[in-house]
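Dear colleague,

I am handing over the structure below, together with notes on what was found in it. Please read them with the model open beside you.

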Amino acid sequence: MGTELLSTTRSIRRRLDLSRPVERQDLLECLDIAIQAPSGSNRQPWRFLIVQDSATKQRIAEYYRKGFAANLSGRSPRPDQLRDLDSGQYLAEHLAEVPALVLVCSLGRLPEPVSALRLASFYGSIFPAAWNFMLALRDRGLGSCLTTAHLAYEREIAELLGIPFDEVTQVAMLPVAQLLPGADRPGRRAPAAEVTRWDRWA
């Protein structure tokens, strides 16, 4: 995995091929790379649940659409966000057709009240694994995007999938599919020099 892979792995929504299956072995190989990620105190808290059953995906998609709509409610997106929101809407409408939904979970739940330290440690121990997974997918001609809209109904989805809600936190869901043809290029970003400070913020 080199600079090109790191700089061209994007959140893929419209280029997900809804017509071709994803092989279980490919998913497992990518997850083997995912779990090489670092975690706080080497806890390795990750757990993954892969959903390919059509009826179950349909139920998850219903919750996802409601969560997505609620997230958009009352928002005034910037003009440069409209394209992403449009592709997000496309995914919400077609989520049930995606070949595999991978739920990224973490053992335990955050205690109340949540401190910045515990929050950073909790999510910092799981998101690197999710990113490793996305890179491994991209390296194999597969694509995904990290989504969270379903978490508005985390308890309901936990009940649907048999996830013990009090013991396991759903962190993200990654819809996985073969990639349709298209250009792979670095995203538009401000140069690092413009978003970096040295020694002091100001």
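Asp199 is exposed, with a relative accessible area of 85%, where exposed means over 50%, buried under 20% and partly exposed in between, computed with a 1.4 Å probe on protein chains only. Asp199 sits in the segment after S5, and its phi is near 70°, a positive value in a residue other than glycine. The model is a predicted one, in which local features need pLDDT of at least 70 and side-chain atom pairs count only at pLDDT 80 or more, while totals for chains, interfaces and linings use all residues. Residues are numbered from 1 along each chain as its sequence is written, and side-chain values use heavy atoms, with hydrogens and water left out.

Asn42 also has a positive phi, near 55°, in a residue other than glycine. Asn42 belongs to the loop between helix H2 (24–34) and strand S2 (46–51), where helices (H or I, at least four residues) and strands (E, at least two) are DSSP runs numbered from the N terminus. Asn42 counts as exposed, at 52% relative accessibility. A further backbone feature is the peptide bond from Glu112 to Pro113, which is cis, with omega near -10°; Pro113 is found in the loop between S3 and helix H5 (116–124). These places are worth pointing out because most residues other than glycine have a negative phi, and most peptide bonds are trans.

Turning to the interior, the largest nonpolar core has 27 residues, of which Tyr64, Leu91, Leu95, Leu101, Leu103, Leu161 and Met173 touch the most other members. A nonpolar core here is a set of buried Ala, Val, Leu, Ile, Met, Phe, Trp, Tyr and Cys residues joined through side-chain atoms within 4.5 Å. Helix H3 (54–72), helix H4 (82–94), strand S3 (100–107), helix H7 (154–161) and S5 each supply at least two residues of this core, and H3 gives the most, with 5 residues. Leu95 touches Ala61, Tyr64, Leu101, Met173 and Pro175, leaving out residues up to four places away in sequence, with contact meaning heavy atoms within 4.5 Å. A second, separate core of 22 residues includes Ala34, Ala100, Val171 and Ala172. As a general background, nonpolar side chains in soluble globular proteins tend to be buried together.

Two further buried residues help to show how parts of the chain meet. Leu16, found in strand S1 (residues 16–17), counts as buried at 1% relative accessibility. Apart from residues up to four places away in sequence, Leu16 touches Leu91, Val98, Gly143, Ser144, Pro175, Ala177, Gln178 and Leu180. Thr169 lies in strand S5 (residues 168–179) and counts as buried at 5% relative accessibility; its contacts, with the same sequence neighbours left out, are Val104, Cys105, Ser106, Gly108, Arg109, Phe122 and Glu154.

Phe122 appears again among the rings, since ring pairs link Phe122, Tyr123 and Phe127 into a cluster. Rings of Phe, Tyr and Trp (its six-membered ring) pair if their centres lie within 6.5 Å, and planes under 30 degrees apart count as stacked, over 60 as edge-to-face and the rest as tilted. The whole structure holds 4 aromatic pairs, one of which, Tyr123 with Phe127, is stacked at 5.8 Å centre to centre, with 25° between the planes. Tyr123 is partly exposed, with a relative accessible area of 27%, and Phe127 is partly exposed, with 30%.

Finally, where does the largest cavity have its lining? The residues that line it are Thr9, Arg10, Ile12, Met134, Leu137, Arg138, Leu142, Gly143 and Ser144, and helix H6 (127–139) and strand S4 (142–143) are the elements that give two or more of them. On a 1 Å grid over the protein atoms alone, a cavity is a set of points where a 1.4 Å probe fits but cannot get out, and lining residues have an atom within 4 Å of a point. Leu137 lies in helix H6 and counts as buried at 0% relative accessibility. Setting aside neighbours within four places in sequence, Leu137 is in contact with Cys30, Leu142, Gly143, Ser144 and Val176. The C-alpha atoms of Leu137 and Leu179, 42 residues apart along the chain, are separated by 9.8 Å.

With best wishes

Note on methods:
1 Å grid on protein atoms, 1.4 Å probe; cavity = no way out; pocket = protein on both sides within 12 Å on 5 of 7 lines; lining within 4 Å.
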